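This report looks at charged side-chain contacts and at how accessible their partners are. Please read it alongside the sequence and the coordinates.

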Amino acid sequence: MTIAAAVSGTALSLLGSGVATAGTGPAPSVRERTASTAAGAAGTEAGNPASAAAAANGVCSDAYQIGTTSYAYRGTETIASVKQFYSPKCNQNYGYVWVWKAFLDKKIRFDLQVGVWNYDRSTLSGVRREYDSLGQEFWGNGADSVKDCTSGDGTLTIANEQGAYAARTSKRC
């Protein structure tokens with residue numbers, strides 16, 4: 001079920017309402033992990049922890065998506081996907097934002113914030129900010145939040161536009 005809400009000028013989309021634990025549920029099989037990293041150093045909408053951007057930001061290569069994918073909207077236009085990843089090897093969570101090509105083709109510069117929302121601490125952990133960007137793939141820093149309830153969180157702001165465009169994934173505990 002999709003829930004869209006306008007919060008003080010901010011378009012927010014939340015998908016799913018279930019709560020799960022980072023350590024519960026099946027991890028991707030070796031075949032699934034290999035397929036997700038087949039792009040090598042290229043970033044993907046699905047999130048590639050082996051991409052050049054992920055490596056540059058210190059993302060552990062065994063990270064895989066947990067929870068739902070959520071979407072940031074600018075009016076009716078989908079402009080970005082937001083995900084949360086978990087690394088068993090590094091015992092960390094990561095926020096992930098993929099800005100859609102149709103939006104990037106407009107050459108609109110934006111500021112971006114990505115991280116992991118920590119419900120237990122009421123704070124954004126592993127925060128990374130980019131300013132005046134035309135980039136597509138953004139990874140948050142590792143968040144030491146595996147034992148807490150968390151969501152992937154991403155926000156884009158555009159100069160001279162009121163509000164922000166944000167999304168948060170499903171809550172994981």
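Does Glu161 count as buried, partly exposed or exposed? Glu161 counts as partly exposed, at 25% relative accessibility, where buried means under 20% relative accessible area, exposed means over 50% and partly exposed lies in between, computed with a 1.4 Å probe on protein chains only.

The model is predicted, so local features need pLDDT of at least 70 and side-chain atom pairs count only at pLDDT 80 or more, while totals for chains, interfaces and linings use all residues. Residues are numbered from 1 along each chain as its sequence is written, and side-chain values use heavy atoms, with hydrogens and water left out.

Searching the whole structure gives seven salt bridges, each being a side-chain nitrogen of Lys or Arg within 4 Å of a carboxyl oxygen of Asp or Glu. Among them are the three tabulated here.

| Pair | N to O distance |
|---|---|
| Arg74 and Glu161 | 2.4 Å |
| Arg109 and Asp132 | 3.9 Å |
| Asp153 and Arg168 | 2.8 Å |

Arg74 belongs to strand S3 (residues 64-74), whereas Glu161 sits in the loop between strand S9 (150-157) and strand S10 (165-168), so their salt bridge ties together parts 87 residues apart in sequence; strands here are DSSP runs of E with at least two residues, numbered from the N terminus. Arg74 is itself partly exposed, at a relative accessible area of 22%.

For the pair Arg109 and Asp132, both partners are partly exposed, with Arg109 at 44% and Asp132 at 49%.

In the remaining tabulated pair, Asp153 in strand S9 and Arg168 in strand S10 are 15 residues apart; Asp153 is buried at 8%, whereas Arg168 is partly exposed at 22%.

Notes. Helix = DSSP H or I, 4+ residues; strand = E, 2+ residues; numbered from the N terminus.
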